[in-house]
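Please examine the structure shown below before reading further. The paragraphs that follow lead from the surface to the overall plan, then to the interior and to particular pairs of residues.

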Amino acid sequence: MTETPTTKAATVKTLAHTPGPWEHVRLSGLCGPHAIRMPYAEGKTFYGVREIAREEDAVLIAALPKILEALVELRDWYAEYTGLPAVKANAALSAATGEA
């Protein structure tokens, strides 16, 4: 596939977030009831997102790195297969990477 500037930029920016896996955890006390545990160095983790009220929201947030990766893959496949840009996927990736 010929990589366009839009494709390359979104792919690179997508990888700029804190790498996964992100894990939903239940907490009691100060940072709870739900949080997202993220890796940062040599097997250490931190609660990158805390005080999430709804479990459903925490589960969705924890899945975002995988969702972004899948969206980039599907967007690139669509563009290669059809020869057309995946407009909604590009818009979603732009919003997710702060380019919108």
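**A guided reading of the model**

Leu 84 is found in the loop between α2 and α3, the latter spanning residues 87-96. The coordinates discussed here belong to a predicted model. With a relative accessible area of 47%, Leu 84 is partly exposed, because this value falls between the limits of 20% and 50%. Leu 84 belongs to a nonpolar surface patch that also contains Trp 77, Tyr 78 and Tyr 81. Together, these four residues present about 490 Å² of accessible area.

Two members of this patch also form an aromatic pair, one of two such pairs counted in the protein. In the other pair, the ring centres of Tyr 40 and Phe 46 lie 5.8 Å apart and the planes meet at 75°, so the arrangement is edge-to-face. Tyr 40 counts as exposed, at 51% relative accessibility, whereas Phe 46 is partly exposed, at 34%. Trp 77 and Tyr 81, by contrast, are stacked, with 4.9 Å from centre to centre and 10° between the planes. These two residues are four positions apart in helix α2, and therefore about one helical turn separates them. Trp 77 is partly exposed at 49% relative accessibility, while Tyr 81 reaches 64% and counts as exposed.

The overall plan can now be set out. The protein contains three helices and three strands, and from the N terminus the elements follow the order α-β-β-β-α-α. The chain has 100 residues, of which 26% count as buried. The exposed area of the protein is about 6,900 Å², and carbon and sulfur atoms contribute 59% of that area. Considering contacts between residues at least 6 apart in sequence, 33% join residues that are at least 24 apart.

Which residues make up the largest nonpolar core? Six residues do so: Trp 22, Ile 36, Met 38, Ile 52, Ala 58 and Ala 62. Strand β2 (34-41) and helix α2 (55-82) each supply at least two residues of this core. Ala 58 illustrates the contacts made by a core residue: leaving aside residues up to four places away in sequence, Ala 58 touches His 24, His 34, Ile 36 and Ile 52.

Helix α2 also holds Pro 65. Is this proline buried or exposed? Pro 65 has a relative accessible area of 12%, and is therefore buried, since the limit is 20%. With residues up to four places away in sequence left out, Pro 65 touches His 17 and the core residue Trp 22. Pro 65 and Gly 20 are 45 residues apart in sequence, yet their C-alpha atoms are 6.3 Å apart in space.

Charged residues provide a further set of links, for the whole structure contains five salt bridges. One of them joins Arg 26 to Glu 55, with the closest N and O atoms 2.1 Å apart. Arg 26 lies in strand β1 (residues 23-26) and Glu 55 in helix α2, so this pair ties together parts of the chain that are 29 residues apart in sequence. Arg 26 is exposed, with a relative accessible area of 58%, whereas Glu 55 is partly exposed, at 30%.

Arg 54, Glu 56 and Asp 57 are linked in a network of salt bridges. Between Arg 54 and Glu 56, the closest N and O atoms are 3.7 Å apart; between Arg 54 and Asp 57, the corresponding distance is 3.6 Å. Within this network, Glu 56 counts as exposed at 52% relative accessibility. Arg 54 is partly exposed, with 47%, and Asp 57 is also partly exposed, with 32%.

Two further glutamates deserve attention for their backbone geometry. Glu 42 occupies the loop between β2 and β3 (44-52), and its phi is near 45°, a positive value in a residue that is not glycine. Its relative accessible area of 80% makes Glu 42 exposed. Glu 51 likewise has a positive phi, of about 55°, without being a glycine. Glu 51 is found in strand β3 and counts as exposed at 53% relative accessibility.

Note on methods. Residues numbered from 1 in each chain as written. Predicted model: local features only at pLDDT ≥ 70, side-chain atom pairs only at ≥ 80, totals over all residues. Heavy atoms only, no water. Core = buried A, V, L, I, M, F, W, Y, C linked by side-chain atoms within 4.5 Å. Buried < 20%, exposed > 50% of the residue type's maximum accessible area, 1.4 Å probe, protein only. Contact = heavy atoms within 4.5 Å. Patch = residues over 30% accessible without salt bridge, like charges linked within 9 Å, V, L, I, M, F, W, Y side chains within 5 Å. Areas by Shrake-Rupley, 256 points an atom, 1.4 Å probe, with all protein chains shown as cover. Salt bridge = Lys/Arg side-chain N within 4 Å of Asp/Glu carboxyl O. Phe/Tyr/Trp six-rings, centres within 6.5 Å; stacked < 30°, edge-to-face > 60°.
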